[in-house]
2 protein chains.
Amino acid sequence: MKRSEITKQKILAAAEKAFAEKGLYGARVDDIAEQSGANKRMIYAYFGSKEKLYVAVLERVYSRIAESEKELLNKETDCVEAIRRIIRHSFDFLYEDPSFVKMVMWENLNQGQFLKESEAPQAKGISVELLRKVLRQGIEQGIFRESVDIEELIVSINMFCFSYFSNIYTMGQIMQTEFSGRAELDKRCEHITDIILQYIVKEQ
Amino acid sequence: MKRSEITKQKILAAAEKAFAEKGLYGARVDDIAEQSGANKRMIYAYFGSKEKLYVAVLERVYSRIAESEKELLNKETDCVEAIRRIIRHSFDFLYEDPSFVKMVMWENLNQGQFLKESEAPQAKGISVELLRKVLRQGIEQGIFRESVDIEELIVSINMFCFSYFSNIYTMGQIMQTEFSGRAELDKRCEHITDIILQYIVKEQ
DNA sequence: TGATAAGATAACTATATAGTTACTTACTTG
DNA sequence: CAAGTAAGTAACTATATAGTTATCTTATCA
C-alpha cells in the first residue's frame, strides 16, 4: 500500500473515533492529527476541511453496514427464520460497531445534512430490501397475516434494533438498570423478535 | 416577577434553543446572550458556566415531561385503553416538544453524564410507573398474557415512541420517505399500538 | 428623597482552534 | 544516480470563544 494511503487510513481511523465520540463540533482537528500520528497539514491535503473529513468518516462508517449485510443474502430459509436472522444480524452488528450507532445519532441531530452531502448513494438498505422481500413472500405463502403494513413494520424492526443501542443511557436511567451486557442484549433481541413474530405470524 | 427572574427565563429559553440545536459544544455563549437579549455577564452571574447552564436546560426540559405525564394519572379506564392512552400521550408530547427529543439524544451521546450531574432526582418516569401498574393489573385480571416480561415491554414501548422522533432523518433516508407530517404520525402511533396490544392481549 | 444594593452593560483577556505557509525528507524512475 | 515529484513537518496566523473586570443604571425602602 502506498504511503499516502496508509496515512489517509490512519487519519480516517482517528477521525472516526473523535467524531463518533464528540461529533463534528466537539472533535478537534489537532487531536485527530495527534492521535493519527499524521501531521495536521495532511488532513487538509487529503480531505480539504474538517467538514469534508467528517463526511468521509460518515461514508466509511455506512459502507461497513452495507458490507456486513451482504452475508444475509446467501442463505435460503423459511420466512420466519429469515426474520429472526435479520433481527439477530442487526443486533450483532450494532453491538460490534458502536461508532456506527453514534455517527447515525449525530447525523440525526444534524438533520441528516451531511448524509445528504455525501456522494455514497444508497449503500443503505440491503436488510430493508430483504425484509420487504421476505415479508411479501410470507404473506403470499399464507404464513404472515395479509393485513400487515410492510413499510410500517420495517420501520418498527429497524427502530427496535437501533434504539436499544442509541438510547442505552437515558433508558438505563429511566428503568434504573444497566443495559450494557451481553446477557441483556440477548434477552432484548429475543423479546423483540417475539413481539414482531407474534404480530405478523397467523394463528399460532 | 422580579427582573432577575425574567432575565433567567429569557436566558434559559435561548439556551434551550441553542443547545437543542447544536449541543453543548456547538452552541455559543455569545449567541445565547444575543438571542436572549440579556448580557453575557448575566449568564455567568446566574448559571456559573456554560456547562452549568446546559444542565439547567436539561432539568427544565425534563421537568416538562414530568409535568405533562401527570395528566395521565387522572382518568380511570380498563387496562387496554390505558395502554392506548399512554402511547398516544407519549407520541403527542414528543411531537409537540422537539427540544426534549433533541436534548435526550445529546445526553445519550454524552453518555448520560450531565443527567447524572443534575440535581433533579427522578422527575423521570411517571409513565413508566403507570405502565408497570397497568400491565400488572392486566395480567391479574386475565386480560394480558402471564408470560409478558413487564420490564422488557416497557422498554419496547418507550423506544417505539421515542425513536420515531429521534431517528426521523436517517429513517427517512433508509425508507426513502418523509416522516414529518401529522398523518404519518397518527398512522405510526396506531401501528405500534397494534403491535404492542397484539403481543400482550390474550386470545383475540 | 436619596443611600444602597441588586441588576445590567460594554469592553477586555487569555486561550484554543481551523486552516496556511515555507520548508525538508523520502521515493520513484528516466 | 540525478532530479523531479510526492509525502511530511513545524511554526505561524487570523479569528472565535469562554470567561472577567470595571463601570453604569435602576429599583427599593429608611
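**Two chains on two DNA strands**

Start with DNA strand D: it has 16 residues around it, and the nearest are Ser4(A), Thr7(A), Arg28(B), Lys40(B) and Tyr44(B). "Around" here means that a heavy atom of the residue lies within 4 Å of the strand. Sugar and phosphate make up 59% of the atoms of DNA strand D that come within 4 Å of the protein. Before going further, a word on the source: this is a predicted model, with local features needing pLDDT of at least 70 and side-chain atom pairs counting only at pLDDT 80 or more, while totals for chains, interfaces and linings use all residues. Residues are numbered from 1 along each chain as its sequence is written, chains are lettered from A and ligands numbered from 1 in the order in which they are written, and side-chain values use heavy atoms, leaving out hydrogens and water.

Now zoom in on chain B against strand D, looking at polar contacts (pairs of N or O atoms within 3.5 Å). Two of these come from the protein backbone: a backbone N or O atom of Val29(B) sits 3.0 Å from a phosphate oxygen of DNA strand D, and a polar backbone atom of Ala27(B) is 3.5 Å from a phosphate oxygen of that strand. Lys40(B) goes for a base instead, with a side-chain N or O atom 2.6 Å from a base oxygen of DNA strand D. As for whole elements, those giving two or more residues to this surface are helix H1 (3–26) and helix H3 (40–47) of chain A, plus helix H2 (29–36) and helix H3 (40–47) of chain B. Helices here are DSSP runs of H or I with at least four residues, numbered from the N terminus.

Over on DNA strand C, 17 residues surround the strand, and the closest are Arg28(A), Lys40(A), Tyr44(A), Lys50(A) and Thr7(B). Of its atoms within 4 Å of the protein, 58% belong to sugar or phosphate, and bases supply the rest. Phosphate oxygens of strand C pair up with polar side-chain atoms of Thr7(B) at 2.8 Å, Lys50(A) at 2.9 Å and Ser4(B) at 3.1 Å. Helix H2 (29–36) and H3 of chain A, along with helix H1 (3–26) and H3 of chain B, each give two or more residues to this surface.

So how do the two protein chains relate? A turn of 180° and a shift of 0.0 Å along the axis lay chain A on chain B with an RMSD of 0.0 Å, which is the relation of a two-fold axis. That superposition is by least squares on the C-alpha atoms of residues with pLDDT of at least 70 in both copies.

Key. A polar contact is a pair of N or O atoms within 3.5 Å; within protein, one must be able to donate a hydrogen and the other to accept it, and residues adjacent in sequence count only if both atoms are side-chain atoms.
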